[in-house]
Amino acid sequence: MRIIDHHIMGLASGTAARTGEVFDPNTGAVQAQVKFGTQADLDAAVAAAQKAQPGWAATNPQRRARVMFNFKALVEAHIDELAHLLSSEHGKVIADSKGDIQRGLEVIEFCCGIPHVLKGEFTQGAGPGIDVYSMRQPLGIGAGITPFNFPAMIPLWMSGVAIATGNAFILKPSERDPSVPVRLAELFREAGLPEGILQVVHGDKDMVDAILDHPAISAVSFVGSSDIAHYVYRRGVAAGKRVQAMGGAKNHGIVMPDADLDQVVADLSGAAFGSAGERCMALPVVVPVGEKTAVALREKLIPAIAALRVGVSTDAEAHYGPVVNAAHRTRIENWIQTGVDEGAELVVDGRGFALQGHEKGFFIGPTLFDHVTPDMSAYKEEIFGPVLQIVRADDFEHALRLPSEHQYGNGVAIFTRNGHAAREFAARVNVGMVGINVPIPVPVAYHTFGGWKRSAFGDTNQHGMEGVKFWTKVKTVTQRWPDGGVGDGANAFVIPTMG
């Protein structure tokens, strides 16, 4: 059986005390074993990072950018290999896997411009003969703890910015689909990244805790469920680290009476069910405003859902594939039953779905609920599966309150032709990322990604300038070069603000 090893400089491959199973979600079979690292493995990675990082930080930003350019070209050359490897462990269809990789590469493209981003600020003549300038310097060693649902994109979001700004980076990917992160680390090395700057260690909670407690790791970036994000944030901060921890979501799509319903339904088909709903920016709640809108939307949704094709990852005509493992499928099915028990109307039931020839795969059909209410736990919590819930709103103010008062605040969308309504909604809604006729409002790489409330812990977001700020610290220098001779008193120092 295939063994998935760490990517640690100077660490000889050996037998692991503990391993995890990596499944093929299409068949339900175990396809590989991933080694779980120990404290000694992490210490080895940190030691290698400490040795390599000063030299990398001293490398001028333009040369670091050239590594990013080389890496981008290598990933593009290997994208078919990477996408098939990703799909084989995650279950998402090949097109979604390529999108996963491409969105990560867009952050790498941003990192190719790191020389400009790191220029700093300068003030000439802040006081008599005094200039002030600032510089951004790397933190040292950073770490990333990433989820199963985007095994390429999120590791690239974190590692790209951290490395481009001069840090060494240790990645702990999900143990459910760990192969692509290892392959990306190999390609980074081929692109010219020095040994020890990017390393991959595998594991479960034990490795997470070891990373959070390690005194030589200065910053940790995390993406996962909200409960674990809160845990990571509290434990990491208590250990003196800088921490950004992105959590769960329950994104809403507000459908105004003037919206183009055909376009809304097309958007919902991808946003709610694409990648089997295993996305923190999925759109699992749709909020039609007014009874007439609700009835018309439901009538259009039912045949659109019936037309969705669930298939194996390599099926080019499939809209989505299996979920990541059997435990997650059971969890989704339990949430569907909870919705039924709480009184929601189950319009389309995706439980019990079986794909001919792949009966042991982790498949679940698309599911639709109507008459879901805010007091239901199935509405309050993140299901993370191909389940769409209709929550009917009486008017605009009612629709605005739903996402604003929800415990999560990752993303939200409004569908309308009314510019005033869209502008009002965007300004007032209590959510971090807003789409106007855009169902999944993930910002482009040179902006920044981050939610509010229980969707994010910490003060700095992912990628863009927020990412640069997270992975660097500012040093400000006040300098004076006197014109006169030493000790003649002609250039007595005056604090710039008092000059």
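**Note on the predicted model: pocket, cores and sheets**

1. The largest share of the lining of the largest pocket, five residues, is contributed by α9. Since this is a predicted model, the points below describe computed features of that model. The space in this pocket comes to about 850 Å³, and of the 33 residues that line it, Arg176, Phe222, Gly224, Ser225 and Ile228 are the closest to its centre. At least two lining residues are supplied by each of α8 (205-213), β9 (219-223), α9 (226-238) and α12 (326-341).

2. Helix α8, one of the elements that supply the pocket lining, also has a buried side to its account: Met207, Val208, Asp209, Ala210, Ile211 and Leu212 are buried in it. What do the buried residues of α8 pack against? They pack against α1 (39-58), β6 (141-145), β7 (168-172), β9 and α9, and of these partners β9 and α9 also supply residues to the lining of the largest pocket.

3. Strands β6, β7 and β9 belong to an open sheet of six strands, which has mixed pairing and runs in the order β8-β7-β6-β9-β10-β20. Its edge strands, each of which pairs on one side only, are β8 (198-200) and β20 (456-457). Within the sheet, β6 and β9 pair in the parallel sense over four bridges, and isoleucine 145 stands opposite phenylalanine 222 in β9; Phe222 is also among the residues closest to the centre of the largest pocket.

4. The largest nonpolar core has 90 residues, and the members that touch the most others are Phe71, Ile163 and Phe188. Helix α6 (residues 153-164) gives the largest share of this core, with nine residues. A second core, separate from it, holds 58 residues, including Leu355, Met376, Tyr379 and Phe425. Returning to phenylalanine 188, and leaving aside its neighbours within four places in sequence, the residues in contact with it are Val67, Met68, Phe71, Ile108, Ser159, Ile163, Leu193 and Leu198.

5. Strand β12 (residues 285-288) is covered on both faces, with Val285 and Val287 buried on one side and Val286 and Pro288 buried on the other. Strand β11 (residues 252-255) pairs with β12 in the parallel sense over four bridges, and there isoleucine 254 stands opposite valine 287. Between these two strands the chain passes through helix α10 (residues 261-273), making a β-α-β crossover that is right-handed. Strand β15 (residues 387-390) also pairs with β12 in the parallel sense, over two bridges, and here valine 286 stands opposite isoleucine 390.

6. As to enclosed space, the structure holds two cavities of 30 Å³ or more, and about 100 Å³ of space lies in the largest of them. Of the 14 residues that line this largest cavity, Gly277, Ala282, Pro284, Glu382 and Phe384 lie nearest its centre.

7. Is asparagine 430 buried, partly exposed or exposed? Asparagine 430 counts as partly exposed because its relative accessibility is 30%, which falls between the cut-offs of under 20% for buried and over 50% for exposed. Asparagine 430 lies in the loop between α15 (419-428) and β18 (433-436). Apart from its neighbours within four places in sequence, asparagine 430 is in contact with Pro403, Ser404, Gly409, Trp452 and Lys453. The C-alpha atoms of asparagine 430 and histidine 406 are separated by 8.9 Å, although the two residues are 24 residues apart along the chain.

Notes:
Residues are numbered from 1 along each chain as its sequence is written. This is a predicted model: local features need pLDDT of at least 70, side-chain atom pairs count only at pLDDT 80 or more; totals for chains, interfaces and linings use all residues. Side-chain values use heavy atoms; hydrogens and water are left out. A nonpolar core is a set of buried Ala, Val, Leu, Ile, Met, Phe, Trp, Tyr and Cys residues joined through side-chain atoms within 4.5 Å. Buried means under 20% relative accessible area, exposed over 50%, partly exposed in between (1.4 Å probe, protein chains only). Contact means heavy atoms within 4.5 Å. Two strands pair if DSSP finds at least two bridges between them. A crossover is right-handed if, with the strands pointing away from the viewer, the path from the first strand over the helix to the second runs clockwise. On a 1 Å grid over the protein atoms alone, a cavity is a set of points where a 1.4 Å probe fits but cannot get out, and a pocket is an open set with protein on both sides within 12 Å along at least five of seven lines; lining residues have an atom within 4 Å of a point. Grid points are joined across faces, edges and corners, and a volume is the space filled by probe spheres set on the points.
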